[in-house]
Amino acid sequence: MVEQTAIGTSASARWDEHAAWRGPVRRAELPGGQQVWVVTGYDEVAALLADPRLSLDKKHASGGYAGFALPPALDRNLLNMDGDEHGRIRKLAGPAFSRRSSGSLRAAVARTAEEVFAALPESGSETIDLLAELCVPVPAMVIGELLGIPADLHSRLRDAATAMVTFDAASKASGQRLVAAIGWLTATFASLVHSKRVNPGDDLLSGWVQARDVEETLTEDELVSLAFLMMLAGLENAAHMCSNMIAALLTSDDAPETLAAWPTSRGLLMERANPLPFAIRRFAVTDLILGDHTISTGDTVLLTLFGADSDPARNGRPSLMFGRGPHYCLGAQAADLVIDAVVPQLFVRHPRAQLAVAESALEYRTSWRSHGLVTLPVLLTPH
Ligand code: HEM
């Protein structure tokens with residue numbers, strides 16, 4: 001009988017839990033009871049992130065955990081595809097987020113952060129939720145503007161992302177929240193695409209509608225799914241990375257040194273604050289031998305990014321927090337710009353900022369998929 005590792009949902013234990021798994025691979029059980037393989041070592045995770053013997057396409061799954069059951073209008077996204085199909089769609093989304101576009105992206109992030117900081121209360125002892133007031137709006141406005149997604153949708157988009165990452169198969173209420181979120185997302189993104197078709201703007205989504213209607217380079221489902229993925233992946237991950245980093249700084253005695261050495265210290269802080277413990281689930285398309293185990297065709301494989309980054313064998317090599325290979329994060333550069341415009345800037349503008357609650361009272365979402373705060377209550381100018 002193969003020993004099972006339980007994958008937990010605790011945000012405070014997450015790094016230590018993954019760091020304790022040495023491998024290279026182990027059988028594990030998700031909180032919902034589904035079976036997966038977890039690959040842990042830096043070398044193994046780095047290699048398998050870019051290995052075509054692991055597919056992201058659910059058609060290769062044979063009964064283990066396979067991710068969300070989404071309607072085709074959301075499911076035909078980059079994180080469910082491989083090979084040429086994936087490359088064709090990635091080519092459409094890539095340019096706006098590439099190094100070549102970094103000047104305009106940097107300017108947009110700086111302008112947005114300035115606006116959002118200016119809207120924070122200036123003084124007084126009012127507790128504010130920096131997740132809702134700073135860490136969500138900056139990436140949501142930057143990516144929303146690029147894509148052409150109106151700001152009045154941001155808060156519901158955030159709620160929908162939360163319903164997805166906190167989905168618990170054992171809870172009826174959580175299942176109902178997920179179904180409602182998926183229904184709303186499907187209708188909202190379909191209607192956004194429709195409005196860009198009728199009334200195109202100078203934004204990415206209008207460009208992709210053109211690619212669909214004139215050049216026929218993607219299907220309607222692929223178009224809606226691309227908009228959905230870019231917006232949700234961007235908002236959710238960047239917001240929780242920023243708020244986890246701010247929480248870490250507000251609870252660390254070394255914050256002044258970390259902030260003073262920002263260009264060199266930010267990487268380690270990001271690795272530890274990364275909300276995403278695992279890369280997207282993958283499925284073996286052939287039997288794979290790893291260490292003493294055989295991963296059978298169709299089995300689900302989770303590559304742990306925390307496990308890879310905490311592996312002593314990493315030996316100074318680059319973090320894998322943004323992935324590697326064909327699915328390397330399309331928004332990595334945007335995320336870096338947002339983090340730099342939000343995290344150290346908070347302490348420049350509000351050097352006396354402190355948590356409004358004890359560290360132990362900070363509440364994290366219950367999730368094995370993404371470790372993010374529910375709120376980040378802060379006093380900006382305590383008496
Ligand atoms: C700090 C925040 C972020 C982290 C830690 C992060 C992490 C990741 C990781 C690990 C992957 C690869 C998944 C895999 O291979 O299994 C990925 C893919 C992706 N990310 Fe990010 N991400 C972040 C921010 C963003 C932002 C801001 C955007 C959008 C602007 C974005 C859009 C995407 C997209 C579209 C993909 C899929 C790429 C593909 O499949 O080709 N991410 N991200």
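The following questions and answers walk through a predicted model of one chain with a ligand.

Biologist: How are residues numbered, and what pLDDT do local features need?
Modeller: Residues count from 1 along each chain as its sequence is written. The model is predicted: totals for chains, interfaces and linings use all residues, side-chain atom pairs count only at pLDDT 80 or more, and local features need pLDDT of at least 70.

Biologist: How many helices and strands does the chain have?
Modeller: Elements are DSSP runs numbered from the N terminus: helices are H or I, at least four residues, and strands are E, at least two. The chain comes to 15 helices and 11 strands.

Biologist: What radius of gyration does the chain have?
Modeller: The radius is taken over C-alpha atoms, and the globule rule is 2.2 Å times the number of residues to the power 0.38. For 383 residues, a compact globule would have a value near 21 Å, so the chain agrees with the rule at 21 Å.

Biologist: What percentage of the chain's residues count as buried?
Modeller: Buried requires 20 or more other C-beta atoms within 10 Å of the residue's own; exposed means 12 or fewer, partly exposed lies in between, and C-beta atoms are placed from the backbone. Of the 383 residues, the buried share is 43%.

Biologist: Which element gives the most residues to the shell around the ligand?
Modeller: The shell holds 27 residues, with G234, A279, G323, C329 and G331 the closest. A residue is near a molecule if its C-beta atom, placed from the backbone, lies within 6 Å of it. Helices α7 (137-147), α11 (220-250) and α15 (332-349) each give two or more residues. The top contributor, with seven residues, is α11.

Biologist: Which class of residue, nonpolar, polar or charged, has 20 members in that shell?
Modeller: Ala, Val, Leu, Ile, Met, Phe, Trp, Tyr, Cys and Pro count as nonpolar; Asp, Glu, Lys and Arg as charged; the others, Gly among them, as polar. The shell has one charged residue and six polar ones, and its 20 others are nonpolar.

Biologist: Which strands stand at the edges of the sheet β5-β11-β10?
Modeller: Two strands pair if DSSP finds at least two bridges between them. This open sheet is antiparallel, and three bridges join β5 to β11 (residues 377-379). D129 stands opposite P377 in β11. Each edge strand has a single partner, so one side lacks a neighbour in the sheet: these are β5 (127-129) and β10 (354-355).

Biologist: Which residues of β9 are buried on each face?
Modeller: β9 (residues 300-303) runs parallel to β3 (residues 35-39), over three bridges, with V39 opposite L303. β6 (residues 282-284) pairs with β9 in the antiparallel sense over two bridges, and F283 stands opposite T300. Both faces of β9 are covered: one has T300 and L302, the other V301 and L303.

Biologist: How far apart are the end C-alpha atoms of α8?
Modeller: The expected span is 1.5 Å times one less than the number of residues. For the 12 residues of α8 (residues 154-165) that gives 16 Å, and the model agrees, at 17 Å.

Biologist: Which elements are among those covering the buried residues of α8?
Modeller: The buried residues of α8 are L157, A160, A161, A163, M164 and V165. Contact means C-beta atoms, placed from the backbone, within 7 Å. Their cover includes α9 (172-198) and α11.

Note on methods: Two residues are in contact if their C-beta atoms, placed from the backbone, lie within 7 Å.
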